Structure formats: structure tokens, C-alpha cells
Amino acid sequence: MEEDEIIEILGGRMVTLVLNHGQNVRLPQIPEAVFNFMIGGHRVINNWLAWRDYYNLGRPIAVDDIEALRDLIHSLTCMVLLGPRLAENLETVITNNLPE
């Protein structure tokens with residue numbers, strides 16, 4: 001995949017995620033397409049963060065949580081990048097394999 005194609009898919013805008021509660025954790029340069037990625041009508045990162053909110057956990061977010069969030073962002077980035085190719089493959093399968 002060429003750099004131009006990656007930029008086109010991910011978009012040019014980046015989001016910096018800041019988690020506070022005394023820790024000031026910053027996750028910079030998250031592509032907006034990744035930050036806004038939805039499954040079942042829910043933004044994945046927002047949903048993940050909501051379940052790990054200080055008031056739900058009763059504690060500040062842990063280092064393990066930050067590492068899991070970083071891994072989630074990486075996985076979502078891969079899914080966003082694969083999206084157009086998966087759509088092409090699905091269209092090919094539908095077009096070539098449906099009975100007439």
C-alpha cells in the first residue's frame with residue numbers, strides 16, 4: 001500500500017487523546033478515521049474509554065489499560081486500512097458467485 005493511499009484512507013486529520021485523573025496520559029496522532037471507527041453504531045474507542053472511566057472502575061486508569069488502548073488503536077488502524085480491500089473482495093465474491 002502506497003503512502004498516498006494510506007493518507008487517503010486514514011484522512012489527514014489527527015486526534016490527540018488525553019486521559020487525566022492526575023496522570024496526564026497523552027496518545028497523540030490518532031487518525032480521525034480510527035478515532036471515529038464504529039461497530040454496531042458505537043464508536044469503539046469512546047465505548048472502550050467509557051467502560052474504563054474512573055467512576056466505573058473506582059480507580060485511575062492503569063498502565064495495563066493504556067497498553068490495551070494502544071493495542072486497540074493499532075488494531076483499529078489495521079481494520080480501517082483493510083476496509084477498502086475487504087469491500088472490493090466482498091463485491092467480487094457477490095458479483096461472481098451469486099446464481100443467476
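Lys and Arg count as positive here and Asp and Glu as negative, while His and the chain ends are not counted. A charge sits at NZ of Lys, CZ of Arg, CG of Asp or CD of Glu.

This is a predicted model: local features need pLDDT of at least 70, side-chain atom pairs count only at pLDDT 80 or more, and totals for chains, interfaces and linings use all residues. Residues are numbered from 1 along each chain as its sequence is written, and side-chain values use heavy atoms, with hydrogens and water left out.

**Exercise 1.** Find how many positive and negative side chains the protein chain has, and how far apart the centres of the two sets lie.

*Solution.* Start with the tally: 7 positive and 14 negative side chains. Next, take the centre of each set; the two lie 12 Å apart.

**Exercise 2.** Work out the order of the elements in the protein chain.

*Solution.* First, pick out the DSSP runs: helices (H or I, at least four residues) and strands (E, at least two), numbered from the N terminus. That gives five helices and four strands. Reading from the N terminus, you get α-β-β-α-β-β-α-α-α.

**Exercise 3.** Place N46 in the chain and decide whether N46 is buried, partly exposed or exposed.

*Solution.* Look along the helices: N46 belongs to helix 3, residues 44–51. Now recall the cut-offs: buried is under 20% relative accessible area, exposed is over 50%, and partly exposed is in between (1.4 Å probe, protein chains only). N46 has 32%, so N46 is partly exposed. Lastly, hop to N89: it is 43 residues from N46 in sequence and 29 Å away in space, C-alpha to C-alpha.
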